[in-house]
Amino acid sequence: MKKAKRNAVLGLLLFALLVAGAVYTVINGLGETNAGRAEDIVLGLDLRGGVSVTYEIVEKDADDAAIAATQDKLQRRVDNYSTDGEVYREGSDRLTVEIPVDTSKYDPNKILDEMGRPGTLEFVDPANITAFQEGKEYTAALTGSDVKDASGGIREDQTTGSKENVVSLQFTDEGAKKFADVTAANVGSPVYIIYDGQIVSSPTVQEAITGGSAEINNISSYEEAESLASTIKIGALPLTLKELRSQVVGAKLGSDAVSTSLKAGAIGLGIVFLIMIIVFRFPGFLASIALSVYVILELFFLQTLNISLTLPGLAGIILSIGMAVDANVIIFTRIKEEIGEGKTVKTAIKNGFSKAFSAIFDGNITTIIAGVVLLAMGSGTVKGFAKTLILGIVLSMFTALVVTRVLLNCFANLGVTNKKLYGESKHKKVVKFTKAFKFTGLISLVVIACGIGALFVNKSIDGRGSSLNYSLEFSGGTSTTVTFDKAYTLEEAEKDIAPVIADAAGINVGTIQIQTVDGTNQIVFKTAEMDEETRTKVSDALEQKFSLTDDKIESENISSTISSEMQRDAILAVVVASILMLIYIAIRFSDVRFGAAAVIALVHDVMVVFMVYSVAYLTVGGTFIACMLTIVGYSINATIIIFDRIRENLRDMNVKQVGYDTVVDTSISQTMTRNIYSTLTTFSTIFMLYIMGVASLKEFTLTLIAGLICGLYSSIFITGPLWLFLKKHIGRKKADASSDKDGGKAVKASDKKTAKVAAK
């Protein structure tokens, strides 16, 4: 006993020292680079601003398809530098790129130079190499547009064992034919691979290569091979671009967006701590400490892993905080149940963690699966969301399953075992939730139908004939650059200038995006697309109000920053993630109906939130994607909790005697308080953001709140009854036969046991 107490004291001292070191690191950083310092976290374009470069398309006859393809290629090049950069079309012959960057640490000119590199790749045969070297016109056998994929790697010679850095190329179908022709015609001679005007490799052709692949060798390092492969893969632009202008732009959400969000987050987290302590008493206090550790670790890894923080990224963090709280709620609820059954505190802690583990593990793994798919297949802000989500979930599992457990065990070994400090939970009254499924299911269908109906109403009354209120990110608009006689701050522009534009254009002032241009008196206002008459009204209003001349105001129509390819990637990623989650749940729960019910419930929650967007005519933009992805993660986690308890009760209850309806009703009743507490704690954080956050956060947090309420509703009234419906109507005969067989075995075993006792 003395040894256990001594180890507990040493453990708490070690924990305190580690936390103190982590706090110091987050405040001051480590080493010469100040690694881990929170103030050095990279903020995205919406929170900090960055550099902007506008390119002019050289080809005068470029069609829309070629311009769209060039925009997509540029976006993917931007993603290599930052996942939240933007590329959009300006006017008929311009493309603008905006990249977040800390201009106090990085040279914007260097970034712009790297972005502007053409990345041209050419394969030249011996007959044309002389013309190339003399600067004359020559014909390339293949170009970068013939390359389908490129990857950097290390090739090992099977004979000598020596290693070489290479770039492997995969050609398109047309490129493969061209490469086969050029290699067949030049056996024994070199084919020159030219990148950006420099010969990077000249391999000698041994035979005709018809497999549609090739390699670039003689590369000095693996990093260089990876960099070259990445640039080749996305660098061959369909059109030629010429830099027209470059500038440093301010944050879209305003300089106070970060500070107010941090204050709101801190207050929200304080409310979460208070709720945890009131509900779970001493374990809730320890969970608050563990959650504080989670926040410190989150800040540390955001900086060290160079993950840029954006509004969608903030959504990922909010979700992961909710899941970190949720894991503790699951554990503590189990501990209270164990104490209610008469177990000692130490035994209750051990059993609580053991019984809660499967729900926490499965819930987090399914969300991580979604995050990994989004990271691999998504682009732009979707990647930013996925990064923060995955990081947050890993840290939340660590703090809940390791930190909280260590603290609880240490204090239990020190004698903090009074049951009043932990609380106890008696057997809950079983409510017949399944009986209400016909009614609640009908309510859900009516709500979703209202959302669909609102789409037709919106289309009939919207001047653009649009079913949804698409923002600039989706629909494009008009960019108006105004050069004033003095410099205005973003806050002054929002207060004094934006209302003038809104009144003249007849639009909501909250829909105007504003960016300042560093070192100038220029401000860029982005609005919904304005026709020539509306542009004139805006110009006249600005000229009159601020004594400007006509040449100080320039307007151009701009395209969406979320291209059709990005939208397609996001939708495809969500579909693939849903399929993988269905497979995982079906395997873990040994029943595909669990997976099917989970995906249907997920679609239900997303559709209800979509109804809010359509009925309230909220802005559908980049935050829409983040919101929907957040709801997906939250929904699947809540579903897993219900299914985990159903799985447990299927083992522990006599299903043949009580029936599946009772199993589901019992499971929902047992987990209902967990659902309420988890929703309440997550709601507290988001609600504070809604109250205190900047205007651009209002709609985002409002829809997240709607998603939380919907998730609570579906976890109680939809998820379990939906599984029961599938259980009864899909594969029923096979399932009933299996149940009868298992039940028969149980009865026979019981009879044998009774017979043995009687004989004794």
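Biologist: Which side chain does Lys178 meet in a salt bridge?
Modeller: This is a predicted model, where local features need pLDDT of at least 70, side-chain atom pairs count only at pLDDT 80 or more, and totals for chains, interfaces and linings use all residues. Residues are numbered from 1 along each chain as its sequence is written, and side-chain values use heavy atoms, leaving out hydrogens and water. A salt bridge needs a side-chain nitrogen of Lys or Arg within 4 Å of a carboxyl oxygen of Asp or Glu. At 3.7 Å, N to O, the partner of Lys178 is Glu174.

Biologist: In which helix do Lys178 and Glu174 both lie?
Modeller: Helices are DSSP runs of H or I with at least four residues, strands are runs of E with at least two, and both are numbered from the N terminus. The two residues are four apart, about one turn of the helix. That element is helix 5 (residues 173–184).

Biologist: Does Glu174 count as buried or exposed?
Modeller: Buried means under 20% relative accessible area, exposed means over 50%, and partly exposed lies in between, with a 1.4 Å probe and protein chains only. Lys178 reaches 30% and is therefore partly exposed. Glu174 has 52% relative accessibility, so this residue counts as exposed.

Biologist: How many salt bridges does a search of the whole structure find?
Modeller: One of them joins Asp591 and Arg593, with the closest N and O atoms 3.0 Å apart. Asp591 is buried because its relative accessibility is 9%, and Arg593 is buried because its value is 12%. For the whole structure, the search gives 22.

Biologist: How far apart are the closest N and O atoms of Glu215 and Arg155?
Modeller: This pair links distant parts of the chain, 60 residues apart: Glu215 is in strand 10 (residues 213–219) and Arg155 in strand 6 (residues 147–156). Glu215 counts as partly exposed because its relative accessibility is 30%, and Arg155 does because its value is 33%. The N and O atoms come to 2.8 Å.

Biologist: How much space lies in the largest cavity?
Modeller: On a 1 Å grid over the protein atoms alone, a cavity is a set of points where a 1.4 Å probe fits but cannot get out, and lining residues have an atom within 4 Å of a point. Points are joined across faces, edges and corners, and the volume is the space filled by probe spheres set on them. The whole structure has five cavities of 30 Å³ or more. The largest cavity holds about 90 Å³.

Biologist: Which helices each supply at least two residues of the lining of the largest cavity?
Modeller: The lining residues include Ile330, Thr333, Arg334, Ile641, Asp644, Arg645, Gln670, Thr671 and Arg674. At least two residues come from each of helix 9 (311–340), helix 18 (622–652) and helix 20 (660–692).

Biologist: How many charged residues does the lining of the largest cavity have?
Modeller: Asp, Glu, Lys and Arg count as charged; Ala, Val, Leu, Ile, Met, Phe, Trp, Tyr, Cys and Pro as nonpolar; the others, Gly among them, as polar. Three lining residues are nonpolar and three are polar. Arg334, Asp644 and Arg645 also belong to a network of salt bridges, which includes Glu337 and Glu648. The charged count in the lining is four.

Biologist: How far apart in space are Thr333 and Gly423, C-alpha to C-alpha?
Modeller: Thr333 sits in helix 9. Thr333 is buried because its relative accessibility is 8%. The two residues are 90 apart in sequence, yet their C-alpha atoms are separated by 9.4 Å.

Biologist: Which residue is 262 residues from Asp40 in sequence and 9.3 Å away in space?
Modeller: Asp40 is in the loop between helix 1 (2–28) and strand 1 (49–57). Asp40 is buried because its relative accessible area is 13%. Its C-alpha partner at 9.3 Å is Leu302.

Biologist: How much accessible area does the nonpolar patch with Ile571 and Ile587 have together?
Modeller: Patches take residues with over 30% relative accessible area and no salt bridge, joining like charges within 9 Å and nonpolar side chains (Val, Leu, Ile, Met, Phe, Trp, Tyr) within 5 Å. Areas come from the Shrake-Rupley method with a 1.4 Å probe, and for residues only the protein chains shown count as cover. Ile583, in helix 16 (residues 564–588), is partly exposed because its value is 41%. Ile571, Val575, Ile579, Leu580, Ile583 and Ile587 together give about 550 Å².

Biologist: What is the phi of Ser590?
Modeller: Most residues other than glycine have a negative phi. Ser590 is in the loop between helix 16 and helix 17 (592–615), and its 68% relative accessibility means that Ser590 is exposed. Its phi is positive, near 55°.

Conventions
On a 1 Å grid over the protein atoms alone, a cavity is a set of points where a 1.4 Å probe fits but cannot get out, and a pocket is an open set with protein on both sides within 12 Å along at least five of seven lines; lining residues have an atom within 4 Å of a point.
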